[in-house]
Number of protein chains: 2
Amino acid sequence: MKARIGVGLVGFGTVGIGVAKILLGNRALIQRRVGVPVELVRVVDLDITRDRGVSLPPGMLTTDVGQILDDPSIDIVLELIGGYDAAKRVILDAMARGKQVVTANKALLAVHGEEIFEAAARRRVDLGFEASVGGGIPVIRALTEGLAANTILSIYGIINGTSNYILSRMTSEGQGFKEVLAEAQRAGYAEADPTFDVAGVDSAHKLSIMVSLAYGTPVNFKEVYTEGITRLTPLDITYAKEFGYTIKLLGIAKFSDGEVEARVHPTMIPSTSPVAHVEGIYNAIQLAGDAVGDIVLYGQGAGSMPTGSAVVSDVIAIARNLLTGATGRVPPASFQQDQRRPLRIRQMEEIVSLYYLRFMVLDRPGVLSQISGVLGRHGISISSVLQQGRKEGQTVPVVIMTHTSTERDVQASLREIDRMPFISEPTTLIRVEGHDE
Amino acid sequence: MKARIGVGLVGFGTVGIGVAKILLGNRALIQRRVGVPVELVRVVDLDITRDRGVSLPPGMLTTDVGQILDDPSIDIVLELIGGYDAAKRVILDAMARGKQVVTANKALLAVHGEEIFEAAARRRVDLGFEASVGGGIPVIRALTEGLAANTILSIYGIINGTSNYILSRMTSEGQGFKEVLAEAQRAGYAEADPTFDVAGVDSAHKLSIMVSLAYGTPVNFKEVYTEGITRLTPLDITYAKEFGYTIKLLGIAKFSDGEVEARVHPTMIPSTSPVAHVEGIYNAIQLAGDAVGDIVLYGQGAGSMPTGSAVVSDVIAIARNLLTGATGRVPPASFQQDQRRPLRIRQMEEIVSLYYLRFMVLDRPGVLSQISGVLGRHGISISSVLQQGRKEGQTVPVVIMTHTSTERDVQASLREIDRMPFISEPTTLIRVEGHDE
């Protein structure tokens, strides 16, 4: 039995700092759980001078990743540098040396996950990535272990804190996207370049990982439909409220007939839904299993210490495996590697949903009948219409909520309607999750 | 490597039926995750004739527990009979034969947990009990693995579905406890004898288990202060709403200064709190960790399939351990057995809290000043007073919310006040969790 577990940390940024603080600060607690000391042996970063508010023993911090990869006393390598090429190299090099790996890198796993899972399974090393989705929320463990007995029927995730912060502020204060984004950037809740967050790409990365774990299918980021929050307006948020809905940027997966839907887009959900109340930078993931029913996991989806908590939970799990000679006991993607099967991801136009459509029309008689005529010809039936305040000759919103329809029919209708002369701007479409009544 | 994992089920009641359905129905899925078949080999119950809606192969169901204990092809024994003596015997006998054990029996673990944990650690067998708290919610795994890097600062749990159902109905419909209980019994949400549920005992069992896992301290059910919901009135629920609070039966644990509080009682929590929205039979557990911050886990806290999901998640985890020779990799109480230390559980009179006090007084001049005088002499300061509608000479409620006070001072005040001639019934005290302002 090993007398200690050695940890090497690559990437001493926001998450790395949290990890170091936890490993050093909760050292005694971790030892009481694991049985032997879990020691931070070395930290690698390009910048070894910046004061990060953590005091490491002299000589621990270096720029040379070889001092981790080639050190036999290091059992677990933490890849916390982010990005693609360098991160992948660290992970694969560490695995090639028989080391266990923990990463928080969702972009890397979403894009190169198969290669990394394959390497981990082949070498029978552990790959921990609890920190890649939902920060400190133990959602990867829920998918790979806690709900492992279930066929996962659906996933609804608020999995990007920046977008949720912006949407929450837009909802509570009625401000526009750009104003709130600027404010979020000043407050440190949004990056200088927020594209990955607000365009839904980060959510799509995380959804891809969850879909892979839930269904035993290879990660397929490119096939996830991705739409962000940049075009949402306070007007739509207000209408949503009137219909009893809250707008959230959701990652959605649904399983039926041997196929899966995987999509990220702004979604109206009933304001009574447990995830509708999730405000600010918090994340929440609602999982439905065939046995367990609905489960919601809620917490801080980012940040130094919450994400660090997830990284160290993986370190502890792997330490427990190392001490019992059981690395690889849970295969990296939860399913046995030879039991993973490509599932068809449904094309977006095949999905069915309820739809919120906001038409901006020149207010004159007959407009509603022309719009509803087109919808009707495409087999779309209307559940309600909202047309407030008539202003003949001016542009006014007409809002239509549909019954269950297919995306293909809705898009075809909008292409037709948006060419009509009384339409003053492209129609806004927001998908609605809820029960058709 | 074993070619299959054999499972023996003792107790074919509500949970046992769910477990059998999942093991049989999701057999292929479970095999894809584990790598080998996980087979239900034998089911034991006193009643082998009742139709339970699950078709077992002929001969699988027997009344003889020896057919499980003495069968070398059975690796994992599921104790789902409930109660104390017989259940404990099955668990210890199974462990003595080197078998792994899964149980859903919170009462047994709360009362005899130490003996069972000790036996599991000594024989280095696995003991799974995810199903003992929160039904299908993976909260045991969160405490033992997902948040293992954290010092747990607090636990707030809605962990009894029957009580939460009754409170939710009382809150939404303004009915009294007895009416709603009778209705819950008719609807199957409350047992014929609901004492364990409504008196808080079941919540105290579950809280004891969580405290033990969070703090590495022996289970200490007897020291958990326990108060149920039987004396709550619609009047207090209405007042709570006016102050912005919702009343929930909570299991609360808090850690500070090397000691822990552990108590179950009706509690006013801010209506904006994430657990305030938890309605009906749902459970939710809010865990605060020093690194992760607040996490909430939400789901169905009882029922055949949700609880079955938790049992089978343990079966899968143990199967993965068996296949890698790693049983005992996570010690039963998450902390190494020799690293568990008795923590002092604070006496109830030592706790500090905010308090809601409803006095029923004969309405006459000077009453409020006498009450506030007593409180003041005990060092209790008042944050607000509600006294609606004066009816001189009649009995009226006077509601006082206090600033942070100690239980000892509040109880001493009430003993004094309740002897005063203008007090017409014992004063109602409800503890309030929130920020002192």
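I'll go through one sheet, one helix pair and the relation between chains A and B. Keep in mind that this is a predicted model.

Start with the sheet in chain A. It is open, has 6 strands with parallel pairing, and the order reads β3-β2-β1-β4-β5-β6. The edge positions go to β3, residues 61–62, and β6, residues 127–128; each has a single partner strand, so one side of each lacks a neighbour in the sheet. For β6(A), the partner is β5, residues 100–103 of chain A; the two run parallel and 2 bridges join them. One pairing to look at there is A:Val102 with A:Gly128.

Lying across this sheet's β1 (5–10), β2 (38–44) and β4 (76–79) is helix α1, residues 14–25 of chain A. Its direction makes an angle of about 150° with β2(A).

Next, the helix pair. In chain A, α13 (residues 367–377) packs against α14 (residues 407–417) at about 145°, and the axes are 9 Å apart. The crossing is right-handed. On the α13(A) side the contact involves A:Ile371, A:Val374 and A:Leu375, and on the α14(A) side A:Ser413, A:Glu416 and A:Ile417. Sorted by class, that contact has 4 nonpolar residues, 1 polar and 1 charged.

Last, the two chains. How much rotation and shift superposes chain A on chain B? The rotation is 180°, the shift along the axis is 0.0 Å, and the RMSD is 0.0 Å. The copies are therefore related as by a two-fold rotation axis. Within chain A, A:Leu297 has the C-alpha nearest that axis, at 2.4 Å. As for the interface, 100% of the interface residues of chain A are also interface residues in chain B, so the copies meet through the same surface.

How values were computed:
Residues numbered from 1 in each chain as written. Chains lettered and ligands numbered in written order. Predicted model: local features only at pLDDT ≥ 70, side-chain atom pairs only at ≥ 80, totals over all residues. Pairing = 2+ DSSP bridges. Helix = DSSP H or I, 4+ residues; strand = E, 2+ residues; numbered from the N terminus. Contact = placed C-beta atoms within 7 Å. Axes fitted to C-alpha atoms, helices over the stretch in contact; angles between N-to-C directions. Least-squares fit on C-alpha atoms with pLDDT ≥ 70 in both. Left-handed = near helix turned anticlockwise from the far one by under 90°. Nonpolar A, V, L, I, M, F, W, Y, C, P; charged D, E, K, R; others polar.
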